[in-house]
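Visitor: I would like a close look at a single part of this model, and then a short account of other parts worth checking by eye. Please keep it plain.

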Amino acid sequence: MARGGGNGNGRSSDRRRQEKPSRRPRRRRSFIGHLFRMALTLCLLGFIGIVGIFVYYGSQLPPIDQIAVPKRPPNIAILAADGALIANRGETGGSAIKIEDLPPYLPNAFIAIEDRRFRSHFGIDPKGIARAIYRNFSGSGVSLQGGSTLTQQLAKNLFLTQERTASRKIQEAILAFWLERKYTKDQILELYLNRVYFGSGAYGIEAAAQRYYAKSATEVTLAEAAVLAGLVQSPSRLAPNRNPQAAQARAELVLQALQENGLAPGRMIKEALANPAKPVRKPGVGSGNYAADYVMDVIDDFIGTIDTDIVVATTIDSTMQRAAENALVNELNAKGAQYNVSQGALVSMRPDGAIKALVGGRDYAASQFNRATTARRQPGSSFKPFVYLDAVEYGLTPDTVRDDAPINIKGWRPENYSRTYNGPTSLREALALSLNTVAVRLCVEVGPKSVVQTARRLGITSPLQPNASIALGTSEVTPLEMTAAYAAFANGGRGVVPYIINAIGTNEGVSIYSRKGVSSFGQVIDPTSLAMMNDMLHETFRTGTARNGDIPGWEAGGKTGTSQDWRDAWFIGFTGSLVTTVWLGNDDGTPTKRASGGNLPVELWANYMKTALKGAKPVALPGLGWSTETRTAATQPQGQPVGAHPSAPVLDQKDRNFFERLFGL
């Protein structure tokens, strides 16, 4: 029993000893399995949580089937008569461009520096995100920047705000998936390049290329492409025209990335590194913006709502525009301080009303106020031709004599510029020398209301006060309307409407508007009166206040003007092919230091006209051959109107009392 029990106990004991080791592995396997199950559960919960987060923030977006890429705001490309780009207008600052029209290294530069796995990822780049997270957390703080693909950046630009929040990043990823599913890689890249912001108001690669390099994006070099690709990281900090050193340093990183990824030939990269891109400013581009602004002011008269990129062909001559800007800036730089003149404007048009140059100020970057089209200033004696025209239509001639002597009209005593008087003087000499007393006498003689009507007939639209002082240009006008009014003297007596737009069409060449003929008021000056006026206005260059403005080989007419207290200095002159107005003064009306129409404006006008008319065949002034033989035929009984008032009764001045003469009754 004892042995049997002992043997039994021994076997039992041996069995227990044998069984014990086998339990330990089962416990270990059970523990590992438990951990595995826990990890799997956590992953599943995490996945569900991530999906839930995406679903939640995705629900804040419109339904996917209702999402559409918003239409790009239309661009208005404004071109000179020769096709050169003057400016882009609209929210983008440039037209959209097709990716196949770009040199391959340009889009590749953006891929290399912004999203090197663009061609292979599905909207987001996990490696890029991981790298950005590591960078952010290993740095001085946590940032949600970095790791965004080009597709994500496009999604943000198209659909989302610029806020830096986790919810916006999640929505950005959702939209990136949608974009990748709906569009090809090239389509996404084209959308991106046409929407991304490059600073200085330029949205899209075409606007940026024009803004910084004055050329189309289809023409940029590799060095320029590298700068543009690097610019999108921080447009304000890396703008090549503001911070060229930082822009070039970033461009070198772009070129290095292109080389590392084999996205551009090595020889081209070496050449780009050796010859860094330099921003340029197109000559005349500053003043051209004044012309572009005027186009935008009037374009609504020609077309309705703009929903696509359009091209506006203007009448502006690139050479004349540059000449006008240079003449104005050079004159002010040379003598502006001496005469206390800080601003100016110049308008130049063909006699048919086509505007060839328009400069609204000294520096467009400093002031966008368009003094050529918007500023109303007193024209001074440059208004006198309307008085003299009314007088010759009333029956006077250039040989008619009036007394240059002191005059008193109800206490108002206008004086001549020289404070001296010549006594009996012909109208020709009085206009050439800009004698104030004679102009006032003529205004009273024909009546201020009649003078106002004459100015209106020629195209003056600003409010005019019908009083005797209007003879000296006391009612304010703009340089543009004065230019248009003087055009009648240069074109044979026809009133014109100034115009700057020749045609409007889409980028695809579909015509929207095309000018048909010339807008005209018809004949506003009869040939006889025109001949007498041009005879007198030409005398201004021969013996009068514009002697220094003579242009060899050309017949010209014109009139100087200086407003009260030397606040405004004008000269409006014309040949048979061009009419040009110059205004100089100060925006706040501060008096100049004796700047008059006969000094700075005449000099500026002559400098511009010599360039503008260079190589052109001289054109005779209409009716300038008014001579002794034609004087007898032109002269009618004193008081009989010629041209403007053919049916008016013959009135002798003695039949009109003072108030009738003063107010044109």
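Which residue in E13 stands opposite Gly557?

Guide: The model is a predicted one. In it, the residue opposite Gly557 is Phe574. Gly557 is where strand E12 (residues 557-562) starts, and Phe574 is where strand E13 (residues 568-574) ends. The two strands run antiparallel and are joined by six bridges. Together they form a hairpin with five residues between the strands, and Asp565 there has a positive phi near 60°. E12 is largely enclosed by the rest of the structure, because five of its six residues are buried. In general, side chains in a regular strand alternate between the two faces of the sheet.

E12 also takes part in a pocket. With three residues, E12 gives the most to the lining of the second largest pocket. That pocket has a volume of about 1,100 Å³. It is lined by 36 residues, and the closest to its centre are Glu415, Asn416, Tyr417, Asn436 and Thr562. Thr562 is the residue at which E12 ends.

Three helices can be read in a similar way. Helix H4 (residues 150-159) is largely enclosed by the rest of the structure, since eight of its 10 residues are buried. Among the buried residues of H4 are Leu150, Leu154, Ala155 and Leu158, and also the polar Thr151, Gln152, Gln153 and Lys156.

Helix H13 (residues 318-339) has 22 residues. From first C-alpha to last it reaches 30 Å, close to the 32 Å expected at 1.5 Å a residue. H13 nevertheless has a kink of about 45°, centred on Asn333. At its N-terminal end Asp317 acts as a cap, with a side-chain oxygen 2.9 Å from the backbone nitrogen of Thr319. Just after the helix, Asn340 takes a positive phi of about 55°. The buried residues of H13 include Met320, Ala324, Leu328 and Leu332, as well as Gln321, Glu325 and Glu331. Residues three or four places apart in an α-helix point the same way, because there are 3.6 residues a turn.

Helix H19 (residues 527-542) contains His538. The relative accessible area of His538 is 12%, and the cut-off for buried is under 20%, so His538 counts as buried. Its side chain makes a polar contact of 3.3 Å with the side chain of Arg542. Arg542 is the residue at which H19 ends.

Methods: Residues numbered from 1 in each chain as written. Predicted model: local features only at pLDDT ≥ 70, side-chain atom pairs only at ≥ 80, totals over all residues. Heavy atoms only, no water. Helix = DSSP H or I, 4+ residues; strand = E, 2+ residues; numbered from the N terminus. Expected span 1.5 Å × (residues − 1). Bend = angle between axes of the 7 residues up to and from the residue. Buried < 20%, exposed > 50% of the residue type's maximum accessible area, 1.4 Å probe, protein only. Polar contact = N/O pair within 3.5 Å; in protein donor to acceptor, adjacent residues only side chain to side chain. Pairing = 2+ DSSP bridges. 1 Å grid on protein atoms, 1.4 Å probe; cavity = no way out; pocket = protein on both sides within 12 Å on 5 of 7 lines; lining within 4 Å. Points joined across faces, edges and corners; volume = space filled by probe spheres on them.
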